[in-house]
Every structure is written in C-alpha cells, then in structure tokens.
Amino acid sequence: MTYPPNNPGGTPNPEDPYGNQGYGNQSYGNQPYGNQPYGGQPQSDQPYGQYPPPPAAPGGYATGPADFDLGTALSYGWNKFKANAGTWIGISLIAFIIVAVIDSAARGFDYESTSVTSNIIPGLVSGILSVLVQAAFTRGALDELDGRKPGIGDFFKWNNLGNVFIAAILVWVITTIGYILLIIPGLIATFLLWYTFAFVIDRNLSAVDGLKASFNLTSKNVGSLLLLAVVVIVLNIVGAILCGVGLLVSAPVTLIASTYAYRTLSGGAVSPAQ
C-alpha cells in the first residue's frame, strides 16, 4: 500500500484515510526547550541566586561597604543642628531635667532595704526613661534626615515602641555579658549593635531583625564607622569638659552625623543639609 505524501501545512488531506496530516514534518525539536521562561516572560540576565541591590529607601539595607565621608557627615550634622538649634537645645534641656528629677526621686529609695520593690523599682524606672529618651532623640535625628525640622512634640512621636524596648533589653544583655568578659567583648558588642534603635524605629523592624541589621551594617563598614565612633566620643568628651554646656551642641551634632552615616551606608534616602 502506498501512502499519500505528508502534508507540510498540516491541513486535513481527504485522500489520507489514516489521518497522516504531515506529522513527520512538524519540527517539535526546533523550539529550544527551556529558552522561554515559564509564563512567557523575557529571560533575565541576572545570574541565578543573585539579587539586585536594595533600593535607596527604608525598605532594605546594604550589606557591603558604601561611599562615606566623615567630614561630610560631621558637616551635615552641624548644618542640620544650626538650622534647628533652638529645638535641639530645648529638647536636650528637657531630657536633662527629666532625668535629673527621676534620678533624684530614685535616690530617695532605701537601697539598703532588703525589699525587692525598693531595689528594683528605681532601676526599672531609670531604664524605661533611658530607652524613651534614646528613642526620642533617634526619632528627631531621623526626621532631620527626612528633611523635616522636628519640633519638641515630634520627638515624642514614638513608633514600634514594643520592639524598641525588646531591642533595648537584648542589647543590654549582650553588652553586659561582653563587659563581664574582660570589657573588650562588650566594647565590640556595643559597636556592632550601634544602629539597632535606628533600624527598629526607622524601618519598623522586629527587635531581633534590628540587631541583625545593625550587625550586618557595622561589620561590613568597620573602617568608616570605627573612625566615626572615635570622633563622636572625643567630641562629646570635649563637650562634657566644657561644664557640660558643650554637650548641648556636640550631642545633637554627633547624633545627626551618626544617623547620616546609618542612612548613607544602608542605602537609605538623605535630605540635603540645606
């Protein structure tokens, strides 16, 4: 029996009783399998397992060194402080008064008493106040980086406060253990966890994620941030020597400069100094 020739077009051949519709000429293997990604979307040149860098916004943080200039950071801190000096000096004085009043009240407790309440309450109140003050100043510095001049009330617009307190406890535990281990580990832990509050407040991270983010940022930028930390300490020591009055300037300037470093190195947005 002879069969009719294959039909290249694949259209029905009425003379072909077996339905041989040119199947042999269909090039099933000519379409390279796997070259067209699932879903028909164009294939990316991005190697498998690699991801683009984090956006320049509070959504992610860089894990490698970035461009950072110490002089620019300090100049930025000074310019931001100078443009809003009244507010920063005012909030610093308010914080000093509140801390002094609480400390004075705490001294009224009988520390020689064996009562658990007499020994724990003063330290607990002081610790809570310290966290709130630190969170308030961090919030103000972040507002400056966002291009908003914070007023006195803006410092007390706390967010993610539950995770802030959890982070504070974790940092305290880790650094305390470090200081017990011959001080040096404590200093290292303090440095590595420097930006925990900034991440938790700025990006609404959990306490644990804030610790991890701070560790990643500082450990990958040791050179830049270690020099900044030394300068911050020296400037605040000089401010304290000047009868403490110098701290009203040095503390806000170095805080804003440090926050500038955090935003710059983590790929976040930074508003112009002026």
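**Figure 1. The whole chain, with its buried share.** Of the 274 residues in the protein chain, 34% count as buried. Keep in mind that this is a predicted model. The chain has nine helices and zero strands, so the cartoon reads α-α-α-α-α-α-α-α-α when you start at the N terminus. About 16200 Å² of the protein chain is exposed, and carbon and sulfur atoms supply 65% of that area. As for who touches whom, take the contacts between residues at least 6 apart in sequence: 66% of them join residues at least 24 apart.

**Figure 2. A look into the largest pocket.** The volume here comes to about 1800 Å³. A total of 48 residues line this pocket, and those closest to its centre are Ser130, Gln134, Thr138, Phe197 and Leu255. If you're setting up a view of the pocket, those five residues are the ones to put in the middle of the frame.

**Figure 3. The walls of the largest pocket, helix by helix.** Which helices each supply at least two residues of the lining? They are H2 (85-107), H3 (116-145), H4 (161-180), H5 (184-192), H6 (196-203), H8 (222-241) and H9 (247-265). H3 gives the largest share, with 11 residues. Chemically, the lining splits into 34 nonpolar and 14 polar residues, and no charged ones turn up.

**Figure 4. Asn84, in the loop between H1 and H2.** Asn84 sits in the loop that links helix H1 (70-83) to H2. Is Asn84 buried or exposed? With a relative accessible area of 9%, Asn84 falls under the 20% cut-off, so it counts as buried. Its side chain makes a polar contact with the side chain of Thr87, at 3.0 Å. Leave out the neighbours within four places in sequence, and Asn84 is in contact with Glu144, Lys149 and Pro150.

**Figure 5. H5 and what lies over its buried residues.** Four names to label on H5 are Gly186, Ala189, Phe191 and Leu192, the buried residues of this helix. What covers them? The cover includes H4, helix H7 (207-220) and H8. When you look along a helix like this, remember that an α-helix has 3.6 residues a turn, so residues three or four places apart point the same way. H5 also shows up in the pocket view, since H5 is one of the helices that supply at least two residues of the lining of the largest pocket.

Methods:
Residues numbered from 1 in each chain as written. Predicted model: local features only at pLDDT ≥ 70, side-chain atom pairs only at ≥ 80, totals over all residues. Heavy atoms only, no water. 1 Å grid on protein atoms, 1.4 Å probe; cavity = no way out; pocket = protein on both sides within 12 Å on 5 of 7 lines; lining within 4 Å. Points joined across faces, edges and corners; volume = space filled by probe spheres on them. Nonpolar A, V, L, I, M, F, W, Y, C, P; charged D, E, K, R; others polar. Buried < 20%, exposed > 50% of the residue type's maximum accessible area, 1.4 Å probe, protein only. Polar contact = N/O pair within 3.5 Å; in protein donor to acceptor, adjacent residues only side chain to side chain. Contact = heavy atoms within 4.5 Å. Areas by Shrake-Rupley, 256 points an atom, 1.4 Å probe, with all protein chains shown as cover.
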